[in-house]
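Work through the exercises below with the structure open beside you, and try each task before you read its solution.

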Amino acid sequence: MALFGNDNAGLLRQIIGQLGQISSDLAALKQQVADQQLAIDQIRQDTTATLSTGLTENRAVIRDGLDRTRDTIGTPLTHISTELVAIRGDISGLDSQLKKCAENVQALPAVAAAPLPEPEPAPAEQPDDEPAAEPAEPAEPEDHERDEPDSDILRAAADIAHATVEAHRDTWAFLIQVAGNEQHFHIPGAVQDADGFVSVRLSGPSLVAAVTSLAHVTRDTNNPVTRAIADHIQNKITKAVQAIIDRPHSGDPGTPVRIVIDDRARPDDQPDDGEQSTTGR
């Protein structure tokens, strides 16, 4: 009996029908897998986009918060630091005065116990034919005015509306300590501090007080380091004012004179065109 005879035609049709159904089921299963993969890919893309957007927004919020915190805390801290330097200068001045008072008190007993000097004998009478010796000329008083700043510099500094001093925080602290107690020196309320390099606004009277106080420190101190720092800062301010005297200019309201205390070596490839100016209008 043949395998594919008439007797087996029904079985063959049944097998073919089952193979067709299997093929349909397999195609449907493939379609479901493809749909699920598409859904997974879409979910992955949506999740990645959401996370990326959220992280970007969080970074922006955090950065904005840090900037606000820096603005809110940084300026008051700088102001407090400036006031602490001024207070430290006041305390140092009071300490110096107390030491001088103590030295004066300790010197009083020694003065009281010291024997009185014996009176000098009267000069012998000289004959009438010999001229009397001329009295010695009194010693000239010590001239302290030779160390005072030039009056033209002081007048020109007083005429400045406002100047910007740019220097290291330690240099600014030294200037406050030297001139902070002077009557006409006004400590500014706002000090811009960028990585230890400060920028402050000073008026003309404050510049006059700074130059005068620095000159007194240069003259009176015995500390060579203090003298060098005071003399350097005074020269920077004096050169800036002298440039205004040499090249006067009025107008441009709101543009301050710029005094930078930050010397450095000139690059080898830069032509030497004279001393660099520390002022600006």
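**Exercise 1. Decide whether helix 4 is enclosed by the rest of the structure or open to the outside.**

Solution. This is a predicted model, and a residue counts as buried when its relative accessible area is under 20%. By that cut-off, twelve of the 17 residues of helix 4 are buried, so the helix is largely enclosed by the rest of the structure. The buried residues include Gly 204, Ser 206, Leu 207 and Val 208, and further along Leu 214, Ala 215 and Thr 218. As a next step, look for what covers them: the buried residues of helix 4 pack against helices 2, 3 and 5 and against strands 1, 3 and 4.

**Exercise 2. Work out what span is expected for helix 5, and compare it with the distance between its end C-alpha atoms.**

Solution. The expected span is 1.5 Å times one less than the number of residues. For the 23 residues of helix 5 this gives 33 Å, and because the end C-alpha atoms are 32 Å apart, the two values agree. Helix 4, which covers residues 204–220, can be treated in the same manner, and it reaches 24 Å, close to the 24 Å expected. Helix 5 also has buried residues, among them Ala 230, Ile 233, Ile 237 and Ile 244, and its buried residues pack against helix 2, helix 3, helix 4 and strand 4.

**Exercise 3. Find where His 184 lies and which residues it touches, leaving aside those up to four places away in sequence.**

Solution. Begin with the chain, where His 184 is found in the loop between helix 3 and strand 2. Its relative accessibility is 43%, and therefore His 184 counts as partly exposed. The residues it touches are Pro 205, Ser 206 and Ala 209. Take Ser 206 as one of these: His 184 and Ser 206 are 22 residues apart in sequence, yet their C-alpha atoms are 5.8 Å apart in space.

**Exercise 4. Explain why Asp 41 and Arg 44 are separated by about one helical turn, and describe the salt bridge between their side chains.**

Solution. Side chains of opposite charge can pair when their charged atoms come close. Asp 41 and Arg 44 are three residues apart in helix 1, which means that about one helical turn separates them. Their side chains meet in a salt bridge with an N to O distance of 3.0 Å. Asp 41 is partly exposed at 27% relative accessibility, and Arg 44 is partly exposed at 48%. Helix 1 also holds Arg 68 and Asp 64, four residues apart, whose side chains meet in a salt bridge at 3.0 Å, N to O. Here Arg 68 counts as exposed, at 56%, while Asp 64 is partly exposed, at 34%. The structure holds seven salt bridges.

**Exercise 5. Identify a stretch in which pLDDT stays under 50, and say how many contacts beyond four places in sequence the model has for it.**

Solution. The protein averages a pLDDT of 76, and 71% of its residues score at least 70. Over residues 135–146, however, pLDDT stays under 50, and the model has one contact beyond four places in sequence for this stretch. Residues 273–281 also have a pLDDT below 50, although this stretch has 21 contacts in the model beyond near neighbours in sequence. Where pLDDT is low, the predicted coordinates should not be read in detail.

Definitions and conventions
Residues are numbered from 1 along each chain as its sequence is written. This is a predicted model: local features need pLDDT of at least 70, side-chain atom pairs count only at pLDDT 80 or more; totals for chains, interfaces and linings use all residues. Side-chain values use heavy atoms; hydrogens and water are left out. Helices (H or I, at least four residues) and strands (E, at least two) are DSSP runs, numbered from the N terminus. Buried means under 20% relative accessible area, exposed over 50%, partly exposed in between (1.4 Å probe, protein chains only). Contact means heavy atoms within 4.5 Å. pLDDT is the predictor's confidence in each residue, from 0 to 100. A salt bridge is a side-chain nitrogen of Lys or Arg within 4 Å of a carboxyl oxygen of Asp or Glu.
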